[in-house]
Each structure stands twice: as structure tokens, then as C-alpha cells.
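Student: I have a model open and would like to learn how to read its features. Where do we start?

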Amino acid sequence: MSYVLKERHPDLPPPRSEVGVIGWLHRNLFSTWYNTLFTLAALYLLYRAIPPFIDWAFIQAHFTGTGRASCQGGGACWVFISERLPQFFYGFYPDAEQWRVKLGFGIFALLLAYLHLPRVPAKLWVGALTLFVYPVFAFGLFSGGPLGLAHVPTTQWGGLMLTLILAFTGIVAALPLGVLLALGRRSKLPVLRSVCVVFIEVWRGVPLITVLFMSSVLLPLFMPAHVDIDKLLRALIAIALFQSAYIAEVVRGGLQAIPKGQFEAADALGLSYAKSMSLIILPQALKIVIPGIVVTFIELFKDTSLVVIIGLMDLLGITQAALNDPKWLGFAVEGYLFAGLVYWIFCFGLSRYGLFLERRFHTGHRR
Amino acid sequence: MSNHRVNDTPWWLNQRVRGLLAQLLVIAFVAGFFAYLAYNTHVNMQARGISNSLSFMGQEAGFDVIQSLIPYNSTSTYARVFLVGLLNTLFVAAIGIVFASILGLIVGIARLSSNWLLARLAGAFIETFRNIPLLLQIFFFYFAVMQALPTARQSLDIGGLFFLNNRGVYLPRPVPEPAFWAVLAAFVIAAGLTVWLRRWAHRRQDLTGRPFPMFWVGLGIVVGLPLIVFFAAGMPLGWSIPHLRGFNFQGGFAAIPEFTSLLLALTIYTAASIAEIVRSGILSVSHGQTEAARSLGLPNRRVLQLVVLPQALRVIIPPVTSQYLNLTKNSSLATAIGYPDLVSVFAGTALNQTGQAVVIIAITMGVYLAISLTISLLMNWYNHRVRLIER
């Protein structure tokens, strides 16, 4: 007599609590008693927050209309935003001239897109054009004058346009300066090195506001009396100097990551300092630090909002001005939500772009 | 035939000579630049009839400050204004650092939770607040939240102890009586005792291998001893509860709206960054370490305490310190909503009144620089101490 099975027992289906929707729920939401507690608390929180917000922002909200009168009753008043949309984008730039801003940013977008195509001719030249020629051209286009266009003083520039100008000019000016500072900090010449260290540590040690104050209060004192520096230019100088110190530290990290053998190999080939840096070291170092530079750029993008404090009308400044309009008092939440969303889209997009670049430049062996 | 010897190279190709020349050029350039600035500044200041000196610090300031941790009134000097501003900066930064650390730690751990919903919520929190400028968040809390709160008479009342209205947040404030020093003394003694006990427990474990339940005993001593003294001394601690009198609240601790919104924004913004650092720090400890510790037979709590945390902290602490520094520097955004910090009252109001731009900006920058450098030095010392020593 034997109780041993003669053939293999057919496989049982997996327990219901481990597969399918129930299995997923069990594993991810209700695995332990405290996880169940957390899940229920989170669900309650979402229940209390999301439906009222949707109700306020969409269902009860007012989207169309012409004035304050069209925003009666509860709900968000998006009319406030749509009425002022041009201001949020262009500041007080004259309506008739706004095509110039669109054209300028359109050309910039095309240049950037071209630079992103893999293997296209004359990439280096287009890059140099974007970095050095385009800013001059854009300044001429936006402010007018030499090209026979109506003059628009920088005091009328504002909104998202100004935010983008501050951020892009800031990074374009700060990058080369930062690379030079990083090289200087690693130099064997003691005087050069200490000058760079002091420069970097001073800017990194103080808040941007004090630098902006300095540029708006002290810069006029530092210059001969007849030199009058534009307010926007003062802010740009402050931002570029401040940011170059941060870029320098990021680049220094990349330089430190290059194995000593690379420096020695460059020396062994008889390359001069300039050549060994520009052909061997910097291409490798900059490739490593691209994610770090993107992070710095995101910080710079957010920091441009500080120019409100010295009276420039960037996106946040325009929002503040709009909220203080006596005809439209009481829509602070809508205003800040809109400005916050615009900033968020740019910063979040940039951080995703940084991740993308990291993968694209990862030409070494993957682990 | 080329038959050059090394010292035949012309002097301008000699590396040492070139280095010296380059450095002389740098010195000349820097010195010339500063001399140019100094000369222009001198001329401009003379044209405005201002002379650079510190003598203004002794003059009467003549303006009021809405929050001061030390006695101050409008007849106080500019030196006093400086001190008030500095203390307010340090005050908001210190409290912000504590709150941001706690919130950041919680969110960072929640981000790694096996609970899908919790991890997603923490991720949404981080991505939202990290990608919106801090100044916008400060404005939001100040203009859209604090100013939308009800008036003092219709305050939001939480348990009769906490009150929220558009003039600020009111909290109960502990009022220690004279005998309270005994409790503090007991706490100090308990802490000392715990340190001694810990050393003893370590020594005994090294010698005999017998562990000692240090955590629970230590907790018992540090909490228990002061508690016993507290009750023995007849509970020498009163509470000042805020209460409505007329149009405003009296008693308790009042946090002005400027302080509250600045603190909220700084806390949330920095916590989002700290959460990311905590997450990457914990992830940086490879799973092999945990497995190795388990196979040595360590219980879960000891694995965390002896293997994972020390390695994670080495990754976490340096960037978190730089976040603390950022928070301190970012507290200068206070000037945008009128919280009387150093930049607001000293580099703002005092500068406008006296016109001493050069001196005041230099002092303000110097203060922040001193704070940054001190913390950097401490950080370097810590990094040196915990660095990975390989064979």
C-alpha cells in the first residue's frame, strides 16, 4: 500500500492575494497594519483636498468674461489671468511691438533645436553664433533703435520674457567665467589660485539679495559719475558673477573626476596647457558635469525671481503688480497659482531634460 | 644638427618665468581694478557729501522694528539695529533648520516607503515645492494665506490654546518659575550620567561580549530624572495662554505673519531638498551591506543602527549642511515681505537713511560670509573625520 502519487500533481494557481489587482493592492497598499493606516490616512487627505480644489478651480470657476463683474460667486476667477495674459508674458512691452519678442525667441528656439540634432553640419559655428552673436542681435531686436525699429527701453521689458532673458543671459555669461575660475582654482600658480578661491568663496558665501543690492546701490558708486548703467544690466552683472562661482564649483568637481593619467598623457604628447585643456581635459570634464550645470541652471531660473526686490518686473514682479491693481484686488491665489505653474513647467521640464542629457552623454561603458 | 641644451631655451619660454609673469599680471590687474573702484567711489561719495566711516553706528536710528528679541525702540542706535536684524535672521534660520530637518526626514523616508500611495504623495510634494521659486512661495503664504485669515475677533481657535488670525499665530508660552533651574540641573546631570554609562557599557561589551540595553536605560535616565525632580519641586512651570482682550490677543507667544509665512516657506522649500538627499543617502548603502550584516546574525534594529545609518549619514550630512546654509542665506528674502531680518532693517532701512552704502553692504556680506565659512570649516573637519579609509 502506498500513498505516494504516481504522477506530478498539477500546479495550483497562485493564491488570490498575490496576483492581479488584489495582489497589487495587497503588496503596495495594505501589506502591514501600519501601511494600511498610512493608505487610509492618505486617501482621506486626498479626499479632503482634491474634490474641493477641482470644484474651485474648474467647476465653479469663471473662464470667460471681460471684467471683475464676470467673477461673481465662489470659484476661481481665471478671467483675471486671461485679461492680463500679454502682461504676464511681455510685461509693459508695447502691444504693437510684441512680434519682435516672438521673433527673437522663435529664432532662439530654432537655433537650440538645430544644436540638438545629432550630426548636422557646422554645429560648432552655430553654437558660437548662439552664444556670442545671437545675444547682441536679440538685444538690438528687443530694444530697437539701430535697426530702424521703435525704441523700447528695458524698463518696459517684463513678465516671462524678462525671466527668460535673465536666466539665459545669466547662464551664457556665467559658463565661460565659471570654467576659467575652476581652471584657476586648480592652477599651480599660488596667486592665481588664491584670487580664484577668494572670488568663488565670497560669492558662494553671501545671499543673492545682497549681491543684487550691491549691484543696484554700489555699482553706480563704483563707476565714474558720467557712466549710467542700465538697471537690467546691473541685475545681469550681479546674476552672472554670482552664478559663475556656483558653475566653477560644479566644473571643479568634473575636473577632479578626470584621472591623473589623462593629464599626464596630454603632457606626454607635448600639448601646451591651452591645448591639453581644450582638447583632452575639458571635453571629458564638461561631459561629466552637464547634469550639475542643469541643476545650477534650474537654481538660477528660480533665483531670477529675486530681481523683484530691486524693482524689475519679471514674471513674479508682474504678478505682484497685477495683484495690487485696485480694480482686481482679492485674486492672490489665482495669480500665484498661475505664476507658480509657469515656473514649475520650466523647472520641471529642465530637470527632466537634465536626466535626458545624462543618458545621452553617457558614452562610456554602462554598468 | 640640433644640439640644444635645456637652458638654451629663451627666457620667455621658461615655465617658471612665465608663471611668475602671469601672477604679476594678475596682481597688477586685481590691484588696478580695486584702485579704480576705490577712486571712483571716493569721488562719488564726496560729490554726495558722504564720508565712509563707522561713526554712524552710534547714531540714533529713529525707526521702529516690528519684531525684536532684545529691547529696542526708535531711540536705539544703528549698532542696535544691526544686532536686532542679526538675531532675527538667526532666529528664523534656527527654527527653520529644525522644522525642515524633521519634515525632510519624514518625506524622504516616505518617498522610499513600500506603500505605493505614500511614496507617490511624497514624490509629488518634493517635485512641486522644489520647482517653484522660494520667493513666490513666501509671497503666497504671506499675501494669499496669512492675509486671508479672519480678524482677531473671529480667530481660528484650536483647542482654546492656539489661535490663528491675520495678525499672526498665537501659541501658549511656558513660564518657568524660580525652582525650574533644578529641573535643568537634573537634565544636565542625567545627560552626564548617560555618557558615563555608555562608556562603561562599551567597555564591558568589549571585554565580556555582554550587551547592555543602553538605549532604553539612557532614555529612562534622561527623561526620568528631570521628571522626578520636576514633580518633587512641585511642577515649577506655568503656561501663559493667549486670550482675546479688546481687539487683539494678550499673553502667550505671538508669531507675526511675516515670521510665520517666511518660516513656512523656508521649511517646506528646504524640506523638499532635504528629502531628496535623505532618499539618495539611504539608497547609496548597497543592499549587500544589509545582507552581510544579517548573515552576521545582527537583529534588524542593530543592522540599521550599526551598518546602514553610519554609511548613509556620511553621504547625507555634507549636502544637508549646505542646505542649512542655503536656508540661512535664503532667510534674507524676508526683506521682500518686511520681516525685520539683517538685510531688511540694516541693508535696507538703515542704508536708505544713512547713505553709507559701502560700509553697510560690506558688513552685511561679511556677516553671511562669516557664517558660511564657519560652517564650511566644521564640515571639512567632519568630512575628514568620517572619510572612507581604504587599505
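Tutor: Start with domains: their bounds come from an automatic or database domain assignment. The model is predicted. In it, chain A is divided into domain 1, residues 2-70, and domain 2, which joins 79-93 and 152-360.

Student: How many Å separate the C-alpha centres of domain 1 and domain 2 of chain A?

Tutor: Those two centres in chain A lie 42 Å apart.

Student: How do I read a pair of helices, and at what angle do the axes of α5(A) and α6(A) cross?

Tutor: Angles over 145 degrees count as roughly antiparallel. The axes of α5(A) and α6(A) come within 10 Å and cross at roughly 175 degrees, so α5(A) is roughly antiparallel to α6(A). Residues in this contact include A:L103, A:F108 and A:L111 of α5(A), and A:V126, A:Y134 and A:L141 of α6(A). By class, the contact has eleven nonpolar, three polar and two charged residues.

Student: Where is A:R119 found, and what is its phi?

Tutor: A:R119 is in the loop between α5 (98-116) and α6 (123-143) of chain A. Its phi is near 55 degrees, a positive value in a residue other than glycine.

Student: Is A:R119 buried or exposed?

Tutor: A residue is exposed if 12 or fewer other C-beta atoms lie within 10 Å of its own. A:R119 has 5 within that distance, so it counts as exposed.

Student: Which loop of chain B holds B:M235?

Tutor: B:M235 sits in the loop between α6 (214-232) and β5 (237-240) of chain B. Phi of B:M235 is near 50 degrees, a positive value in a residue other than glycine. B:M235 counts as exposed because it has 12 C-beta neighbours inside 10 Å.

Definitions and conventions: Residues are numbered from 1 along each chain as its sequence is written. Chains are lettered from A and ligands numbered from 1 in the order in which they are written. This is a predicted model: local features need pLDDT of at least 70, side-chain atom pairs count only at pLDDT 80 or more; totals for chains, interfaces and linings use all residues. Helices (H or I, at least four residues) and strands (E, at least two) are DSSP runs, numbered from the N terminus. A residue is buried if 20 or more other C-beta atoms lie within 10 Å of its own, exposed if 12 or fewer, and partly exposed in between; C-beta atoms are placed from the backbone. Axes are lines fitted to C-alpha atoms, for helices over the stretch in contact, and angles run from 0 to 180 degrees between N-to-C directions. Angles under 35 degrees count as roughly parallel, over 145 as roughly antiparallel, 65 to 115 as roughly perpendicular and the rest as oblique. Two residues are in contact if their C-beta atoms, placed from the backbone, lie within 7 Å. Ala, Val, Leu, Ile, Met, Phe, Trp, Tyr, Cys and Pro count as nonpolar, Asp, Glu, Lys and Arg as charged, and the others, Gly among them, as polar.
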